[in-house]
Amino acid sequence: PDMNTFEHPLKEFFPADAHVTLVHLGKKNSALQVVQICDIVHRLQQRPAAPIKAELTGAGVFYRRNPTPIALVNSGQIFDLRSTLMAKLRFTYGFVDDKYGFIPHITLIEGTTMGDALCYASTPIVFPTITVVCGDHWAS
């Protein structure tokens with residue numbers, strides 16, 4: 001969401017680049033694959049899908065090098081958007097890197113406690129606009 005206009009009680013714990021990841025595209029793609037993937041993502045962006053309504057349903061932690069706090073996001077619209085993207089990518093490439101699964105979430109800033117995040121579980125959240133990001137390539 002655009003953090004300048006976005007309002008939510010948990011906003012103070014969102015990083016400036018808060019987002020929901022729809023699909024992991026893999027760690028190694030050729031330049032041609034990146035262009036093709038971004039083309040698919042940008043065409044998907046043309047769909048009238050905003051605003052997206054969701055609910056924060058809980059909190060968790062991803063354990064990488066350091067524990068990373070997350071707010072869990074539940075939204076049928078997000079699942080539908082992801083499903084459409086996955087189908088288009090599978091049709092084009094025959095596979096998608098799905099080994100990480102899909103847990104819709106917003107990564108929170110370092111130092112956010114589970115208590116901070118859980119205070120706002122079940123709080124509705126609306127993403128007023130959608131910005132599609134394909135690696136370092138942005139489209140609004």
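Below are short exercises on a predicted model, each with a worked solution.

Residues are numbered from 1 along each chain as its sequence is written. Local features need pLDDT of at least 70, side-chain atom pairs count only at pLDDT 80 or more, totals for chains, interfaces and linings use all residues, and side-chain values use heavy atoms, with hydrogens and water left out.

**Exercise 1. Lay out the fold of the protein chain.**

Step 1. Take the elements as DSSP runs: helices are H or I with at least four residues, strands are E with at least two, numbered from the N terminus.
Step 2. Count them: three helices and six strands.
Step 3. Read along the sequence: α-β-β-α-β-α-β-β-β.

**Exercise 2. Place S75 and decide whether S75 is buried or exposed.**

Step 1. S75 sits in the loop between β2 (67-74) and α2 (76-93).
Step 2. Apply the cut-offs: buried is under 20% relative accessible area, exposed is over 50%, partly exposed lies in between (1.4 Å probe, protein chains only).
Step 3. S75 is buried because its relative accessibility is 3%.
Step 4. List its contacts (heavy atoms within 4.5 Å). Beyond residues up to four places away in sequence, S75 touches I52, K53 and A54.

**Exercise 3. Do the same for T68 in strand β2.**

Step 1. T68 has 15% relative accessibility, so T68 counts as buried.
Step 2. Set aside neighbours within four places in sequence. T68 then contacts G60, V61, F62 and T107.

**Exercise 4. Describe the protein chain as a whole.**

Step 1. Of its 140 residues, 36% are buried.
Step 2. Take contacts between residues at least 6 apart in sequence: 73% join residues at least 24 apart.
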